[in-house]
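Dear colleague,

I am passing on the structure below, and after it you will find my notes on what turned up when I went through it. Please read them with the coordinates open beside you.

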Amino acid sequence: MKKLSALLFILIAIAGRAQISVNNLLTENRINPIGIDNLQPCFSWQLASGERNVMQSAYEINVTEGKTTMWSSGKILSDSSVHVAYKGSALESAKKYQWKIRVWDAGNKASSWSEPAYFQTGLLNASDWKAKWIMPGYIEDTVMRPSPLFRKEFSSNKKIISAIAYITAHGLYEASINGKRISDAYLTPGWTSYKTRLQYQVYDVTTLINNGNNAIGVMLGNGWYRGIIGFSDNINIYGKDIALLCQVNIQYADGSIQTITSDDSWKSSTGEIRYAEIYNGETIDARMNKTGWTMPGFNDADWSGVTIGNFTFDNLIATDNEPVRKHETFKPVRIITTPKGEKVIDFGQNLVGWVVVKVKGNPGDTIVISHAEVLDKAGNFYTTNLRKAKAQDTYILKGGDEETFEPHFTWHGFQFIKVEGYPGELKPENFTAVALYSDMEPTGNFSSSNALINQLQHNIQWGQRGNFLDVPTDCPQRDERLGWTGDAQVFSRTASFNMNVNSFMAKWLKDVAADQQNGVVPFVIPNVLGAPISSAGWADCSTIIPWNMYLAYGDKKILEAQYSSMKAYVESIRKVAKNDLWNSGFHFGDWLFYRPEDDNDGRAAVTDKYLIAQCFYANSTQLVINAAKVLGKDGDVQIYSNLLLNIKAAFLKEYMTPNGRLVSGTQTAYVLALNFDMLPDSLRAQAAQGLADNIKSYDNHLTTGFLGTPYLCHVLTRFGYTDVAYKLLLQDTYPSWLYPVKMGATTIWERWDGIKPDSTFETPSMNSYNHYSYGAIGDWMYRKMVGIDTYDDGVGYKHIKIQPHIGGGFTKASASLKTYYGTLSNAWSAADNETDMDVEIPANTKATVYIPATDANAVTESGKSLFDDNIKVTATEDGYVVMELGSGKYHFAVKK
């Protein structure tokens, strides 16, 4: 009997250990989203198990609305667990739906039902909006344009089940109910192509509503809508008005619904924000604060009414991406007096956001906070590179008790602030820098045995944080801050590792499509710079980013949404091409390439702009072919495959000599030709050798600009020159990735030599110290150095590739990535007598793993022979033992 009990206990333990569970449920890539407008939302989930080789064989989804079943899928035989589309009854506006999932493993064993998740729809039809657009009822100061305040009081005297607010604006808004901010989001409603796409946000405000009297207050700022944007002289891009649209639907326990709407019963005035512009900063006069204006019972007798605006509802869309929120905070690392006598605070990190200031003084005391990225050679405050952006926040004290100031409708790029007018001594505890960026989930980590490379990774991530502020901007500090298409394109794959940018980029790409004209893509998105012109490598954001996002996240929906845009772009080139050559029009070329100041012997790395254009024309055509294959558009596959052959033939005829030399002998020319397969197989090795020789001729320095840099090390590794790639990575003199690091950079610079060796500056008209483009090297570090990648036949890391390239004198390197399936990681260490690899593969995926070894017998896994451990070895090639693995954690060791 005891033996039987022991056996039963063991069997129960084994069964429990093998049990899979389901967690991390996402709807439309978000946790329990509120306010979605996709009628077929996509669900994702993760499998959890302590076992290896866990695969899903089937799933069942149940979706309900209250007691009504909207979709009971039944058992569906599929291993899909990411981006599974809803296929139930039609969803309705402003409804809350709950869903749960259970799965079966490869042995047909079912999991328990997951904990429920939910999603709530937005207002799906224009007729669902009962609110009216309202504008200030007073005559505005058209010069300073103080921020308008809108308020409304209402009563609620029954038991509330839910209260949901729907808000948007022409401009930016902050809303409060009964004195409490309704959200921790900033700079709402965000920046889109407002004429056709204006986002509204949805908030659950149930807990903010009192039983009795209530008040709602909303403050507006100029923002992108009518503020100064697109360089200093552009204003009122989308309109001169500033307006609010607000609706709160309150559902009571008795089944009744009360709707509070913006209408002519609201009141308007101005308050303490006397001026707010993105480039110039914000002025707050605390003496003009209307204390309690968002509370019930406030006396608004001297407030003005409102004006009803006749604006469309047809451009209103739900918000699919993450809001801008506050993140890291920084205290001063030093407080100094410069040689000029300026009082300056150094926060130790170039960041994007603002400074929260605490102060106690007299009424009318005025503090001016100026922002800068660097100090000049003499150690003085330097703002010349901000061009016409004033980047100043001005605070006027009310006096009395300690006061706290921070902006609302602006932001700055800075490491240093200059403080003027502060009453008393500057103390660290009174100044806190706050980082502000879109609330994307951090997903990627990278580390190595080289401290400078680790700082480079730090700089890459902080460049992304600072410039992914609702749109992917070029820079956060000067009078620009625009969604430059080329910058976003070159950095997109790196960005997808460091953070989950799936929804962020999907939103921005919809604006790309919205602002295209006859397929032509503007320089910046949203477009505020006039008629669009397609510049090679910039306009290609329309094809490259959708494909990169598909590879990174496995979300076919982004290709479906962008396919017309991708195709239209290629067709716009074909329309102007002559004999399949794109050799006309304006192009930025290989922007900010290497060029010596005293270039007497032609060392400047000038690449023919039309050669570049032809390469990108071919690549975008290839990406349309790729997307067409995924979407089952066989006719387009044939059409564009034929076009691609003609484009490449035209390239060879125009830009390559019979002996295989390119007309431009630069690194960028060879990198693009090789990366985009412009050359016949027989000439590629020769071209790769030419690239390596060119790098050697520059004493192992790169000379590439924005367009060549992302692919440089990838091409070197592909053609067997990983050693050269490592020499470039580790080069620390100008031009190189590590030169700015050694000069003290904490973000990626716009120029290779933004600060010169003698501590003087590059041309201030184009010299940002927070500009992520050159940070695209991160992609090589993650996918080649550590070796974490995805195969095209299992995008989104369903079929994983792990192939590290060890070299450069590194003794270790590691990376981890939160995929939609779970955590994927690889960490290698290289010693004189042994190489180790620790690999983690998430459940419901498979991996092809390359272990650096020439003989499988020299490799052990967790101390066992590969053959004893039933690991499937498939090949030994090019210095690797290749194997197929299922999910789980593995430790490989290779004895030398």
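Against which helices do the buried residues of α11 pack? Before answering, I should say that this is a predicted model. The buried residues of α11 pack against α10, α12 and α13, the last of these covering residues 722-730. Those buried residues in α11 are Leu683, Arg684, Ala687, Ala688, Leu691, Ala692, Asn694 and Ile695. The length of the helix can be checked as well: with 1.5 Å for each residue, the 17 residues of α11 should span 24 Å, and the C-alpha atoms at its ends are 25 Å apart, which agrees.

The neighbouring α10 deserves its own paragraph. Eight of the nine residues in this helix, which runs over residues 667-675, are buried, so α10 is largely enclosed by the rest of the structure. The buried ones are Gln667, Thr668, Ala669, Tyr670, Val671, Leu672, Ala673 and Leu674, and they pack against α8 (609-631), α9 (634-655), α11 (681-697) and α12 (709-718).

Several residues have backbone angles that you may wish to look at. Asp677, just after α10, takes a positive phi of about 55°, and Asp699, which follows α11, has a positive phi near 55°. Asn700, in the loop between α11 and α12, has a phi near 60°, a positive value in a residue other than glycine; at 23% relative accessibility, Asn700 counts as partly exposed. Arg387 is not a glycine either, yet its phi is positive, about 55°; this residue lies in the loop between β29 (381-382) and β30 (392-396), and at 27% relative accessibility it counts as partly exposed.

There is also a helix pair to describe, α5 (residues 502-515) and α6 (residues 541-553), which pack at an angle of about 155° with their axes 11 Å apart. The two helices are therefore roughly antiparallel to each other, and α5 passes α6 in a left-handed crossing. On the α5 side, Asn502, Met505, Trp508, Leu509 and Val512 meet Cys541, Ser542, Ile545, Pro546, Met549 and Tyr553 of α6. The residues of this contact divide into nine nonpolar, two polar and no charged.

Lastly, the cis peptide bonds. One joins Ile525 and Pro526, with omega about -10°, and Pro526 is found in the loop between α5 and α6. Another joins Tyr734 and Pro735, with omega about -5°, and Pro735 is found in the loop between α13 and α14 (738-742).

With best wishes

Terms used. Residues are numbered from 1 along each chain as its sequence is written. This is a predicted model: local features need pLDDT of at least 70, side-chain atom pairs count only at pLDDT 80 or more; totals for chains, interfaces and linings use all residues. Side-chain values use heavy atoms; hydrogens and water are left out. Buried means under 20% relative accessible area, exposed over 50%, partly exposed in between (1.4 Å probe, protein chains only). Helices (H or I, at least four residues) and strands (E, at least two) are DSSP runs, numbered from the N terminus. Contact means heavy atoms within 4.5 Å. The expected span of a helix is 1.5 Å times one less than its number of residues. Axes are lines fitted to C-alpha atoms, for helices over the stretch in contact, and angles run from 0 to 180 degrees between N-to-C directions. Angles under 35 degrees count as roughly parallel, over 145 as roughly antiparallel, 65 to 115 as roughly perpendicular and the rest as oblique. A crossing is left-handed if the near helix is turned anticlockwise from the far one by less than a right angle, and right-handed if clockwise. Ala, Val, Leu, Ile, Met, Phe, Trp, Tyr, Cys and Pro count as nonpolar, Asp, Glu, Lys and Arg as charged, and the others, Gly among them, as polar.
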